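Ready to practise reading a protein model? Take a look at the sequence and the structure, then work through the exercises at your own pace.

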Amino acid sequence: MSIKWNALAQTAGISFVVTVAIVTVFALGIMALSRRETAVAAGSSGKGTVALAGASLCFAACAAAVLYGLSLIAA
């Protein structure tokens, strides 16, 4: 049995980068929701709408990445 170390290192590296990217996008979504709550509490409705749209976009991107990963596993 022979282990292809280069392929293993590439897989580990790409997995790490994708994981960090998904966690970062999710954290940005949480931050946008927090800013929306702050804007709504302050009475500013315009910024709250933009923050909600940004949070929705971030969460949609995370969901798409998860669904893509599940489709790769199931195939």
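The exercises below go from the whole chain to single residues, each with a worked solution.

**Exercise 1. The overall form**

Work out how many helices and strands the protein chain has, and compare its radius of gyration with that of a compact globule of 75 residues.

Solution. Keep in mind that this is a predicted model.
- Step 1: Begin with the secondary structure: the protein chain contains two helices and zero strands.
- Step 2: Next, take the radius of gyration, which is 18 Å for the protein chain, while a compact globule of 75 residues would have one near 11 Å.
- Step 3: Now look along the principal axes, where the C-alpha trace spans about 65 × 20 × 10 Å.

**Exercise 2. Inside and outside**

Find what percentage of the 75 residues is buried, and which residues make a nonpolar surface patch.

Solution.
- Step 1: Of the 75 residues in the protein chain, 11% are buried.
- Step 2: Turn to the surface: the protein chain exposes about 5800 Å², and 74% of this area is supplied by carbon and sulfur atoms.
- Step 3: M1, I3, W5 and L8 together make a nonpolar surface patch of about 570 Å².
- Step 4: Pick one of these patch residues, L8, which lies in helix α1. Its relative accessible area is 45%, so L8 is partly exposed, falling between the cut-offs of 20% and 50%.

**Exercise 3. Along helix α1**

Compare the reach of α1 with the span expected at 1.5 Å a residue, then name the buried residues of α1.

Solution.
- Step 1: Helix α1 covers residues 5-42, and it has 38 residues.
- Step 2: From its first C-alpha to its last, α1 reaches 55 Å, close to the expected 56 Å.
- Step 3: G29, A32 and A39 are the buried residues of α1.
- Step 4: For a contrast, try V18, also placed in helix α1. V18 counts as partly exposed because its relative accessibility is 43%.
- Step 5: Between V18 and A41 there are 35 Å in space, C-alpha to C-alpha, and the two are 23 residues apart in sequence.
- Step 6: At A42, still in helix α1, the relative accessibility is 65%, so A42 counts as exposed.
- Step 7: G43 follows α1 and has a positive phi, near 95°.

**Exercise 4. A pair of rings**

How many aromatic pairs does the structure hold, and which helices does the pair link?

Solution.
- Step 1: There is one aromatic pair in the structure.
- Step 2: The ring centres of F26 and F59 are 5.3 Å apart and their planes meet at 55°, so the pair is tilted.
- Step 3: Now place both partners: F26 sits in helix α1 and F59 in helix α2 (residues 45-74), so the pair links distant parts of the chain, 33 residues apart.
- Step 4: Check how accessible each partner is. F26 is partly exposed, with a relative accessible area of 43%, and F59 also counts as partly exposed, at 25%.

**Exercise 5. Sequence distance and space distance**

For A27 and A55, A42 and G69, and A75 and N6, set the separation along the chain beside the separation in space.

Solution.
- Step 1: A27 belongs to helix α1 and is partly exposed, with a relative accessible area of 44%. Its C-alpha atom is separated from that of A55 by 9.4 Å, although the two residues are 28 residues apart along the chain.
- Step 2: A42 and G69 are 27 residues apart in sequence, and their C-alpha atoms are 40 Å apart in space.
- Step 3: A75 is in the segment after α2, and it is exposed, with a relative accessible area of 86%.
- Step 4: The C-alpha atoms of A75 and N6 are separated by 24 Å, with their positions 69 residues apart along the chain.

Terms used. Residues are numbered from 1 along each chain as its sequence is written. This is a predicted model: local features need pLDDT of at least 70, side-chain atom pairs count only at pLDDT 80 or more; totals for chains, interfaces and linings use all residues. Side-chain values use heavy atoms; hydrogens and water are left out. Helices (H or I, at least four residues) and strands (E, at least two) are DSSP runs, numbered from the N terminus. The radius of gyration is taken over C-alpha atoms; the globule rule is 2.2 Å times the number of residues to the power 0.38. Buried means under 20% relative accessible area, exposed over 50%, partly exposed in between (1.4 Å probe, protein chains only). Accessible areas come from the Shrake-Rupley method with a 1.4 Å probe; for residues, only the protein chains shown count as cover. Patches are made of residues with over 30% relative accessible area and no salt bridge: like charges are joined within 9 Å, nonpolar side chains (Val, Leu, Ile, Met, Phe, Trp, Tyr) within 5 Å. A salt bridge is a side-chain nitrogen of Lys or Arg within 4 Å of a carboxyl oxygen of Asp or Glu. The expected span of a helix is 1.5 Å times one less than its number of residues. Rings of Phe, Tyr and Trp (its six-membered ring) pair if their centres lie within 6.5 Å; planes under 30 degrees apart count as stacked, over 60 as edge-to-face and the rest as tilted.
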